[in-house]
Amino acid sequence: MSFDLTVLTPHLEPLLAGALLTAEVCALGIVGAFGLATVLGLAAAGGGGGRGWAQRSAWLYVDVFRNVPFVVQVFFLYYGLPEIGVYIDAFWTGVLALSLVGGAYGGDVVRSGILAVDPGVVEAARVGGLPRLDIIRRIVLPIALRAAIRPLGSVFVNLVLSSSILSMITLDEVTGTARGVAAETYRPFEVYAFLLVAYAVLTYAVSLGIAALHRHLNRHMAAGNITGGHGAAGPGVAGPEVAGKGA
């Protein structure tokens with residue numbers, strides 16, 4: 001059988017619509033994951049004011065969501081919650097699921113970035129009379145994010161890849177749409193070639209965005225001088241499973 005992309009022409013509109021839907025759910029999921037990761041990272045690092053219930057709760061959250069397969073989390077949100085009267089449509093279930101799991105992985109990255117901040121910098125700000133909230137907002141978080149932004153990018157790329165699982169809850173994202181087109185045309189090679197390109201474009205766009213943000217955050221200082229010698233590369237982290245493998 002010859003390779004013929006023209007067989008995709010009648011189906012190009014739904015495939016592109018599916019790719020756009022994937023981009024939308026991933027973009028919202030990444031925003032939610034980043035916000036949750038920041039809160040969890042601060043709590044887990046004791047940045048909220050000590051090793052109390054907030055820190056223990058953050059550790060528990062990260063451990064739970066990193067050790068439950070992403071597909072199980074998605075099924076629980078979409079099929080389980082309606083049993084107790086909580087109904088969320090497929091799109092927002094996808095956004096919520098990506099935000100929750102991305103926040104867990106990202107929270108550990110942010111925590112590591114916060115712990116890498118030179119304690120002398122924080123102590124100097126404290127001696128200077130700067131309030132705790134201002135120390136966190138204006139000193140700790142900016143320095144920590146400079147160190148953590150690249151590994152956070154790896155988490156966000158893995159969120160895009162993991163979004164393919166959302167086709168299992170009737171969301172017409174690009175993987176689910178491609179599966180339907182392949183079944184209709186009996187041309188899986190061409191259809192899944194399109195799918196490969198679609199995910200490559202989406203993940204590359206995320207990588208470009210992270211690289212641009214990294215340059216912006218580090219525009220006024222040399223690499224290696226951000227966190228008292230720890231460098232800007234930041235701690236490594238594994239992302240959520242992509243192919244059904246549990247964390």
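Is Arg126 buried, exposed or partly exposed, and what is its relative accessible area? Arg126 is partly exposed, with a relative accessible area of 44%, and the points below place that residue and several others in the predicted model.

1. Overall architecture. The protein, which is described here from a predicted model, has eight helices and zero strands, and when read along the sequence it follows the pattern α-α-α-α-α-α-α-α. Of its 247 residues, 46% are buried. Among contacts with a separation of 6 or more, 78% join residues that are 24 or more positions apart. The protein exposes about 12500 Å², with carbon and sulfur atoms supplying 66% of that area.

2. The salt bridge of Arg126. A search of the whole structure finds five salt bridges, and one of them pairs Arg126 with Glu123, the closest N and O atoms being 2.9 Å apart. Both residues lie in helix 5, which covers residues 119-127, and they are three residues apart, about one turn of the helix. An α-helix has 3.6 residues a turn, so residues three or four places apart point the same way. Glu123 has a relative accessibility of 39% and therefore counts as partly exposed, and Arg126, at 44%, is also described as partly exposed.

3. A salt-bridge network that includes two residues of helix 4. Asp108 and Arg111 meet through their side chains in a salt bridge of 3.1 Å, N to O. Because these two residues are three residues apart in helix 4 (residues 90-115), Asp108 and Arg111 are separated by about one helical turn. The pair does not stand alone, since Arg66, Asp108 and Arg111 are linked in a network of salt bridges. Asp108 counts as partly exposed at 21% relative accessibility, and Arg111 counts as partly exposed at 22%; the cut-off for buried is under 20%, so both assignments should be read with that limit in mind.

4. A buried salt bridge. Which residue forms a salt bridge with Arg187? The partner is Glu190, and the closest N and O atoms of the two are 2.6 Å apart. Glu190 is buried, with a relative accessible area of 1%, and Arg187 also counts as buried, at 15% relative accessibility.

5. The nonpolar patch. Phe3, Leu5 and Phe189 make a nonpolar surface patch of about 350 Å². Phe189 has its place in helix 8, which covers residues 188-217, and counts as exposed because its relative accessibility is 59%, where exposed means over 50%.

6. Aromatic pairs. The whole structure contains four aromatic pairs according to the search. One of these is formed by Tyr78 and Tyr79, whose rings are edge-to-face, with 4.9 Å centre to centre and 80 degrees between the planes. Ring pairs also link Phe75, Tyr78 and Tyr79 into a cluster. Tyr79 counts as partly exposed, with a relative accessibility of 44%.

7. The buried face of helix 3. In helix 3, which covers residues 70-80, the residues Phe70, Gln73, Val74 and Leu77 are buried. Seen down the axis of helix 3, its buried residues fall within an arc of 100 degrees, so they line one face of the helix. The cover over these buried residues includes helix 2 (53-66), helix 4 and helix 6 (132-162).

8. The surroundings of Leu15. Leu15 lies in helix 1, which covers residues 12-44, and is buried, with a relative accessible area of 0%. Which residues does Leu15 touch, not counting residues up to four places away in sequence? Leu15 touches Leu8, Val174, Thr177, Ala178, Val181 and Phe194. Ala198 gives a further view of how distant parts of the sequence are placed, as Leu15 and Ala198 are 183 residues apart in sequence and 9.4 Å apart in space, C-alpha to C-alpha.

How values were computed. Residues are numbered from 1 along each chain as its sequence is written. This is a predicted model: local features need pLDDT of at least 70, side-chain atom pairs count only at pLDDT 80 or more; totals for chains, interfaces and linings use all residues. Side-chain values use heavy atoms; hydrogens and water are left out. Rings of Phe, Tyr and Trp (its six-membered ring) pair if their centres lie within 6.5 Å; planes under 30 degrees apart count as stacked, over 60 as edge-to-face and the rest as tilted. Buried means under 20% relative accessible area, exposed over 50%, partly exposed in between (1.4 Å probe, protein chains only). Patches are made of residues with over 30% relative accessible area and no salt bridge: like charges are joined within 9 Å, nonpolar side chains (Val, Leu, Ile, Met, Phe, Trp, Tyr) within 5 Å. Accessible areas come from the Shrake-Rupley method with a 1.4 Å probe; for residues, only the protein chains shown count as cover. A salt bridge is a side-chain nitrogen of Lys or Arg within 4 Å of a carboxyl oxygen of Asp or Glu. Helices (H or I, at least four residues) and strands (E, at least two) are DSSP runs, numbered from the N terminus. Contact means heavy atoms within 4.5 Å. The arc is that of the directions from the helix axis to the C-beta atoms.
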